[in-house]
Amino acid sequence: MAAYLNVDTDGVRDAATAAAAAPGAAPTPAVTVTPCAADLVSVQMATRLSGAATALNAGTIGVHAHAAAAGEHLASTAQSYDSQEVAAARVLARGGGAGSGAVPVAAMTVPVRPPVVPPVGLPAGAEPVTGVQASALIHSGPGADGFDAAATMLDSHAADLELSAAQVRSARSTSETSWSSQAADTAHTHLHRLEADYTRQAESARRLPQQFRPHPEDYRSTKAAMPTPQMFDTLTQRLKMAVAANSTPPTVGLYGPAITALQGQLAEANHTAMTAYQ
């Protein structure tokens, strides 16, 4: 099959610049997910989101490496064509014949993507068995703001990845209008795949917050329905005082109804707390 070639090296350089800019458009964020509280569910949800964000970043780093390599390849290709043009002009100036016109274009170096390290086993977190324990766990936690911040950061990263995809799309469009050859076809196919890779990364970054965002809302609902540790402390202290008064003259036996009422309130608070937690 006859070889074909048409190249505007300035256009190829512009494409190289666009491709090389793709990684900078989406720096990988350091997503730190703080559990809403120290309970089993909160700790495991935070660990899962942290692991998913780490895996997402590893994939993004790999795509960035491919984009940087594509930019370098396009730039070196433009330089190769310019060098060939200069060499041919010198030959013609000396009165020699035209060269073969074959321009060696180096094969694109495809970097190896970093391995995705599987997340460590999920920490157990604390599992309350009484309402007092559940109340202490839920009300003593840092809350859901950190979880929300991580989700917002991932949403922002998704938008950045879409910008990276647009950079690669621009590089491919510019290169397609500036360079035609069998080698160009290979490069353009690679750029198309890179754009698709960035798009998939962006979709994954958007999907993660959607999957995990219900958790902080569940935590807030649980906390709102959960009796506070102060309520348990107050009821327990009042019960101790009633028991002491009930066994001390001259009020021996007079606090029986109050003791029964306080015991009922504590039992109800315990039931409410465990129901809210579950």
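**Figure 1. Glu176 and its salt-bridge partner Arg172 within helix α4 of the predicted model.** Glu176 counts as partly exposed, at 38% relative accessibility, whereas Arg172 counts as buried, at 16% relative accessibility. In this predicted model, the two side chains meet in a salt bridge with an N to O distance of 3.5 Å. Arg172 and Glu176 both belong to helix α4 and are 4 residues apart, which is about one turn of the helix. A relative accessible area of 16% places Arg172 in the buried class because that class takes in values under 20%.

**Figure 2. Two salt bridges between helix α4 and helix α5.** In one of these pairs, Glu195 and Arg169 are joined through their side chains in a salt bridge of 2.8 Å, taken from N to O. Glu195 is part of helix α5 and Arg169 is part of helix α4, so this salt bridge ties together parts that are 26 residues apart in sequence. Glu195 counts as buried at 12% relative accessibility, while Arg169, at 39%, counts as partly exposed. In the other pair, Glu162 forms a salt bridge with Arg206, and the closest N and O atoms are 3.2 Å apart. Here Glu162 lies in helix α4 and Arg206 in helix α5, so that distant parts of the chain, 44 residues apart, are linked. Both partners of this second pair are partly exposed, with relative accessible areas of 40% for Glu162 and 30% for Arg206.

**Figure 3. A network of salt bridges that includes Asp145 and Arg220.** Asp145, Asp148, Glu217 and Arg220 are linked in this network. For the whole structure, a search finds 11 salt bridges.

**Figure 4. The aromatic pair of Tyr81 and Trp179.** The rings of Tyr81 and Trp179 are arranged edge-to-face, with 6.1 Å from centre to centre and 75 degrees between the planes. The arrangement is called edge-to-face because an angle of 75 degrees falls in the class of planes over 60 degrees apart. Tyr81 belongs to helix α2 and Trp179 to strand β2 (residues 179-180), so the pair ties together parts that are 98 residues apart in sequence. Tyr81 and Trp179 are both buried, and the count for the structure comes to 1 aromatic pair.

**Figure 5. The largest nonpolar core and the surroundings of Tyr198.** This core has 57 residues, of which Leu49, Leu74, Phe147 and Tyr198 touch the most other members. The elements that give two or more residues to the core are α1 (9-25), α2 (40-93), α3 (131-140), α4 (145-178), α5 (182-212), α7 (229-246) and α8 (256-277). Helix α2 supplies the largest share, 11 residues. When neighbours within four places in sequence are left aside, Tyr198 is in contact with Ala22, Pro23, Val63, His64, Ala67, Leu161, Ser164, Ala165 and Val168.

**Figure 6. Ala269 in helix α8 and its contacts.** Ala269 is found in helix α8 and is buried, with a relative accessible area of 6%. Leaving aside neighbours within four places in sequence, the residues in contact with Ala269 are Pro227, Phe232 and Leu235. Ala269 and Met231 are 38 residues apart in sequence, and their C-alpha atoms are 8.4 Å apart in space.

**Figure 7. The cis peptide bond between Pro249 and Pro250.** Pro249 and Pro250 are joined by a cis peptide bond with an omega of about 5 degrees. Pro250 has its place in the loop between α7 and α8. As background to this view, most peptide bonds are trans.

**Figure 8. The whole protein, as context for the close-up views.** The protein has 8 helices and 2 strands, and from the N terminus on these elements run β-α-α-α-α-β-α-α-α-α. Of the 278 residues, 37% count as buried, and the protein exposes about 14700 Å², of which carbon and sulfur atoms supply 58%. Among contacts between residues at least 6 apart in sequence, 87% join residues that are at least 24 apart.

Notes
Residues are numbered from 1 along each chain as its sequence is written. This is a predicted model: local features need pLDDT of at least 70, side-chain atom pairs count only at pLDDT 80 or more; totals for chains, interfaces and linings use all residues. Side-chain values use heavy atoms; hydrogens and water are left out. Buried means under 20% relative accessible area, exposed over 50%, partly exposed in between (1.4 Å probe, protein chains only). Contact means heavy atoms within 4.5 Å. Accessible areas come from the Shrake-Rupley method with a 1.4 Å probe; for residues, only the protein chains shown count as cover. A nonpolar core is a set of buried Ala, Val, Leu, Ile, Met, Phe, Trp, Tyr and Cys residues joined through side-chain atoms within 4.5 Å. A salt bridge is a side-chain nitrogen of Lys or Arg within 4 Å of a carboxyl oxygen of Asp or Glu. Rings of Phe, Tyr and Trp (its six-membered ring) pair if their centres lie within 6.5 Å; planes under 30 degrees apart count as stacked, over 60 as edge-to-face and the rest as tilted.
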